[in-house]
Amino acid sequence: MNKFEVKAFGTQAADAPLKQMNINRREVLAEDIEIEIMYCGVCHSDLHTARNDWGGTVYPAVPGHEIIGKVTRVGSGVTKVKVGDFAGVGCLVDSCGECESCKHDLEQYCSNGWTGTYNGKDKHLGTRTYGGYSEKIVVDEHFVLKVPANLNLAAVAPLLCAGITTWSPLRHWGVGANSKVAVVGLGGLGHMAIKLAKGLGAEVTLFSRTPDKMKDALELGADAVVISTDADHMKSVTGKFDLIIDTVPYIHDINPYISTLNVSGTIVIVGFLGGLEPLLSTVPLILGRKSVAGSLIGGIAETQEMLDFCGKHNIVSEIEVIKIQEINEAYERMLKSDVRYRFVIDMASLK
Ligand code: NAP
Ligand code: ZN
């Protein structure tokens, strides 16, 4: 397989900072699109992967799965975009295309294993996949998204992960004008959950540990903010919500949130991956037919649906643009929940 070298920013070990390196991209195949990356959002999953929080990171690792750029080359069979168009790539760059999940536009649940944009297995090169902290990426056209022309491109980048990860559960659980939705954690995912749930017409409450984010949350469209560390404040919303989207990245107690669900309500965990502590009581689940669920990003068709919705409703992420050389500092700020509300790398800084 022919390949070519591009500049990237990545890490060689869990405890090493990210720095400049070179990686290979495959030559453009018939169904492939080459994108010169203009902007890449910084997801907490990038940090989890760089630091091997989930285990399984193969180094060198090049994160980045909120990619916006310009199409620079297309294969002979490509019909979706043409050279010069803007395009997006999210968390997925491949899947089997044949299993029941893939046939139903749920590539993220591919039973033969989907390929992540980074730290996935690249079936063409036989190496790991490398993400968007790089000059260029080559992706099968099925996994490339069209970008609404009316939106700020840098602020669209986070929609490719933070947007779709919160959109998918909102749609799956049928959120609309009569829904009462809550969001746990005001970071990248959390602020998109508020905007998208509001866009769908729901009443939205934010649960946050950080009182000084209250004003921002209301400006982002939240109808109310509940400080999750204040027991009396939590009690004031007992039995209220149809759906809670929990974006907290680290282990935490979800029992207090269960009490705030309505009968038949669901809490969807999208943030923390692993075993929960303290133990989850089944009592309120059984007495109130409540559910605890999980959700992974979203399929390609659903991602396009979300982008089109955002184009129509003028929804983008709140961003702080950084240079790639500032990425290690950005990770430290992310660990302190000091992101308002998504870092986006201006990839021109890598040139
Ligand atoms: P983020 O920007 O760092 O935001 C996380 C927010 O959670 C923080 O701003 C903070 O909000 C709250 N928080 C952080 N640590 C906490 C703790 N120990 N206890 C309670 N609350 C805490 O992260 P993100 O990019 O939104 O990502 C969130 C999580 O989702 C990450 O674990 C990421 O890997 C995961 N993720 C999952 C999927 C999926 O498909 N399921 C996709 C993308 C990302 P407050 O200050 O308001 O409390
Ligand atoms: Zn992500």
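A residue counts as near a molecule or strand if one of its heavy atoms lies within 4 Å of it. The model shown is predicted: local features need pLDDT of at least 70 and side-chain atom pairs pLDDT 80 or more, whereas totals for chains, interfaces and linings use all residues. Residues are numbered from 1 along each chain as its sequence is written, chains are lettered from A and ligands numbered from 1 in the order in which they are written, and side-chain values use heavy atoms, without hydrogens or water.

**View 1. Surroundings of ligand 1.** Ligand 1 is surrounded by 27 residues. The closest of these are His 44, Ser 208, Thr 210, Ile 297 and Arg 342. Oxygen atoms of the ligand take part in several short N/O distances. A polar side-chain atom of Lys 213 lies 2.7 Å from an oxygen atom of ligand 1, and a polar side-chain atom of Arg 209 lies 3.0 Å from an oxygen atom of the ligand. The backbone also contributes: an N or O atom of the main chain of Leu 186 is placed 2.8 Å from an oxygen atom of ligand 1.

**View 2. Coordination of the zinc ion (ligand 2).** Three protein atoms coordinate this ion at 2.0 to 2.2 Å, namely SG of Cys 43, NE2 of His 65 and SG of Cys 161. Donors are N, O and S atoms within 2.8 Å of the metal (3.2 Å for Na, K and Ca); water is not among the atoms, so sites may look incomplete. Along the sequence the donor residues follow the spacing C-x21-H-x95-C. His 65 belongs to the loop between helix 1 (44-50) and strand 4 (67-74), and Cys 161 to the loop between helix 3 (153-156) and helix 4 (162-172), so this pair ties together parts that are 96 residues apart in sequence. Helices (H or I, at least four residues) and strands (E, at least two) are DSSP runs numbered from the N terminus. Both His 65 and Cys 161 are buried, a term for under 20% relative accessible area (exposed is over 50%, partly exposed in between; 1.4 Å probe, protein chains only).

**View 3. Strand 3 and its antiparallel partners.** Of the 11 residues of strand 3 (residues 32-42), 9 are buried, so the strand is largely enclosed by the rest of the structure. Strands pair if DSSP finds at least two bridges between them. Strand 3 runs antiparallel to strand 4, to which 7 bridges join it; here Ile 37 stands opposite Gly 69. With strand 8 (residues 136-140), also antiparallel, strand 3 shares 5 bridges, and Ile 35 has Ile 137 as its bridge partner.

**View 4. Strand 17 between strands 3 and 16.** Burial is also extensive in strand 17, where 4 of the 5 residues are buried. Strand 17 (residues 342-346) is joined to strand 3 by 4 bridges in the antiparallel sense. Gly 41 has Val 344 as its bridge partner, while Tyr 39 stands opposite Asp 346. Strand 16 (residues 319-323) pairs with strand 17 in the parallel sense over 5 bridges, with Glu 320 opposite Phe 343.

**View 5. The parallel sheet and helix 4.** Six strands form an open sheet in the order 12-11-10-13-14-15, with parallel pairing. Strand 12 (224-227) and strand 15 (291-294) stand at the edges with a single partner strand each, so one side of each is left without a neighbour in the sheet. From one strand to the next, the twist averages 20°. Strand 13 (residues 241-246) and strand 14 (residues 261-269) are paired in parallel over 5 bridges, and Ile 244 has Ile 267 as its bridge partner in strand 14. Helix 4 packs on this sheet, touching strand 10 (180-184), strand 13 and strand 14; its direction makes about 160° with that of strand 13. Axes are lines fitted to C-alpha atoms (for helices over the stretch in contact), with angles from 0 to 180 degrees between N-to-C directions.

**View 6. Environment of Leu 307.** Leu 307 lies in helix 10 (residues 300-313) and counts as buried at 1% relative accessibility. Residues up to four places away in sequence aside, Leu 307 touches Leu 145, Lys 146, Pro 148, Val 156, Leu 159 and Leu 160, contact meaning heavy atoms within 4.5 Å.

**View 7. Environment of Asp 94.** Asp 94 is located in strand 6 (residues 92-94) and is buried, with a relative accessible area of 10%. The side chains of Asp 94 and Lys 123 are joined by a polar contact of 3.1 Å. A polar contact is a pair of N or O atoms within 3.5 Å; within protein, one must be able to donate a hydrogen and the other to accept it, and residues adjacent in sequence count only if both atoms are side-chain atoms. Leaving out residues up to four places away in sequence, the contacts of Asp 94 include Trp 114, Thr 115, His 124 and Phe 143.
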